[in-house]
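Biologist: Could you take a close look at one part of this model for me, the charged contacts between side chains, and then walk me outward from there? I would enjoy one connected account.

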Amino acid sequence: MHLVFLGPPACGKGTQSEILVKKYGYHHLSTGDILRKESASGSELGNLLKLTLANGALAPTDLVNKAIKKDIEKYSKNSILFDGYPRKIDQAHFLDDIIAETNGEIRRVFYFDIDVNDLLQRILNRVTCKDCGAVYNLQTNPPKKEGVCDNCASTNFVKRGDDNEAILENRFKYFLEETAPLKEFYQKRGILTVIDASAPLKNVTEQIVNAL
Ligand SMILES: [Zn+2]
């Protein structure tokens with residue numbers, strides 16, 4: 001019984017994935033993690049991925065799909081939480097095929113609904129603890145004591161360098177063109193839940209848990 005999280009970059013789906021994995025023991029399947037793991041493994045597919053990524057190209061869909069398939073087959077006895085996959089309609093069809101082959105089922109798809117301007121604010125408000133790597137959002141998830149890391153009590157915070165507006169706009173454009181249509185795809189199937197992702201972190205978790 002698998003779950004899928006759909007949403008634009010930085011909508012909070014990564015954080016919610018971590019919470020659900022801890023709470024219910026899902027296997028967390030994130031495309032980025034899988035590609036990194038596979039290229040480091042020394043397998044034939046991994047070496048092919050490594051070569052492609054070293055040339056500066058984006059991993060082609062067929063390689064991504066192969067890596068994803070391998071992971072699904074390995075963890076098909078678990079409940080899997082798909083975070084950031086599928087990203088396009090053709091990947092959604094591919095996912096259907098593998099899940100059918102492994103006798104699984106997508107139980108629910110969560111669409112993280114958030115306004116682009118909210119999202120921009122959220123990203124511009126994101127800070128990381130320089131000493132332990134804990135991530136905060138000054139707006140939605142600030143440290144308990146202002147300016148002090150909950151984890152390690154450090155007072156050194158940094159803003160992420162890649163969080164600039166142009167990169168975000170590009171990623172968001174890709175999301176609207178390629179990923180957002182998946183909302184309708186899963187809605188038609190009656191397994192879609194739309195989450196208000198602009199709500200505070202705890203409330204977003206509640207919305208998800210209530211729909212499970
Ligand atoms: Zn810290």
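**A salt bridge and its surroundings**

Modeller: Happy to! Let us start with Asp71 and Lys37, whose side chains meet in a salt bridge with an N to O distance of 4.0 Å. Asp71 belongs to helix 4 (residues 61-74) and Lys37 to helix 2 (residues 31-40), so this pair ties together parts that are 34 residues apart in sequence. Please keep in mind throughout that this is a predicted model.

The two partners sit in unlike surroundings. Asp71 counts as buried because its relative accessibility is 7%, under the 20% cut-off. Lys37, at 49% relative accessibility, counts as partly exposed; exposed would require over 50%.

A second pair links these two helices. Here the side chains of Glu38 and Lys70 form a salt bridge at 2.8 Å, N to O. Glu38 is in helix 2 and Lys70 in helix 4, so the parts tied together are 32 residues apart in sequence. The acid, Glu38, is buried at 9% relative accessibility, whereas Lys70 is partly exposed with a relative accessible area of 42%.

In general, side chains of opposite charge can pair when their charged atoms come close. With that in mind, we can move on to a third pair, Asp96 and Arg189, whose side chains meet in a salt bridge of 2.6 Å, N to O. Asp96 lies in helix 5 (residues 89-101), while Arg189 lies in the loop between helix 8 (182-187) and strand 8, so this contact ties together parts that are 93 residues apart in sequence. Arg189 counts as partly exposed, at 40% relative accessibility.

There is also a network of salt bridges, and it links Lys69, Glu73 and Glu101. Searching the whole structure gives eight salt bridges, among them the three pairs described above.

Charges appear in another arrangement too. Asp113, Asp115, Asp118 and Asp196 form a negative surface patch. One of these, Asp118, is located in helix 6 (residues 116-124). Asp118 is partly exposed, with a relative accessible area of 36%, so it clears the cut-off of over 30% for joining a patch.

Helix 6 deserves some care when you read that patch. In the protein chain, confidence is lowest in helix 6, with a mean pLDDT of 77, and highest in strand 8 (residues 192-196), at 97. For the chain as a whole, the mean pLDDT is 88, and 96% of the residues reach 70 or more.

Next, the backbone, which offers some details you may like to check by eye. The peptide bond from Tyr85 to Pro86 is cis, with omega near 0°. Pro86 is in the loop between strand 3 (80-83) and helix 5, the helix that holds Asp96 of the third pair.

Two residues have a positive phi although neither is a glycine. Ala10 has a phi of about 65° and is found in the loop between strand 1 (2-6) and helix 1. Ala10 is partly exposed, with a relative accessible area of 22%. Asn103 has a phi of about 55°, and its place is the loop between helix 5 and strand 4 (106-113). Asn103 is exposed, at a relative accessible area of 72%.

Finally, here are two loop residues that are buried. Tyr26 is in the loop between helix 1 (13-24) and strand 2 (27-30), and its relative accessible area is 10%. The C-alpha atoms of Tyr26 and Met1 are separated by 9.7 Å, with their positions 25 residues apart along the chain. Cys149 is in the loop between strand 6 (135-137) and strand 7 (157-159); its relative accessible area is 3%. For Cys149 and Leu192, which are 43 residues apart along the chain, the C-alpha atoms are separated by 36 Å.

To come back to where you asked me to look: helix 2 and helix 4 are joined by Asp71 with Lys37 and by Glu38 with Lys70. In both pairs the acid is buried and the lysine is partly exposed.

Terms used. Residues numbered from 1 in each chain as written. Predicted model: local features only at pLDDT ≥ 70, side-chain atom pairs only at ≥ 80, totals over all residues. Heavy atoms only, no water. Patch = residues over 30% accessible without salt bridge, like charges linked within 9 Å, V, L, I, M, F, W, Y side chains within 5 Å. Areas by Shrake-Rupley, 256 points an atom, 1.4 Å probe, with all protein chains shown as cover. Lys, Arg positive; Asp, Glu negative; His and termini not counted. Charge placed at Lys NZ, Arg CZ, Asp CG, Glu CD. Helix = DSSP H or I, 4+ residues; strand = E, 2+ residues; numbered from the N terminus. Buried < 20%, exposed > 50% of the residue type's maximum accessible area, 1.4 Å probe, protein only. pLDDT = per-residue confidence, 0-100.
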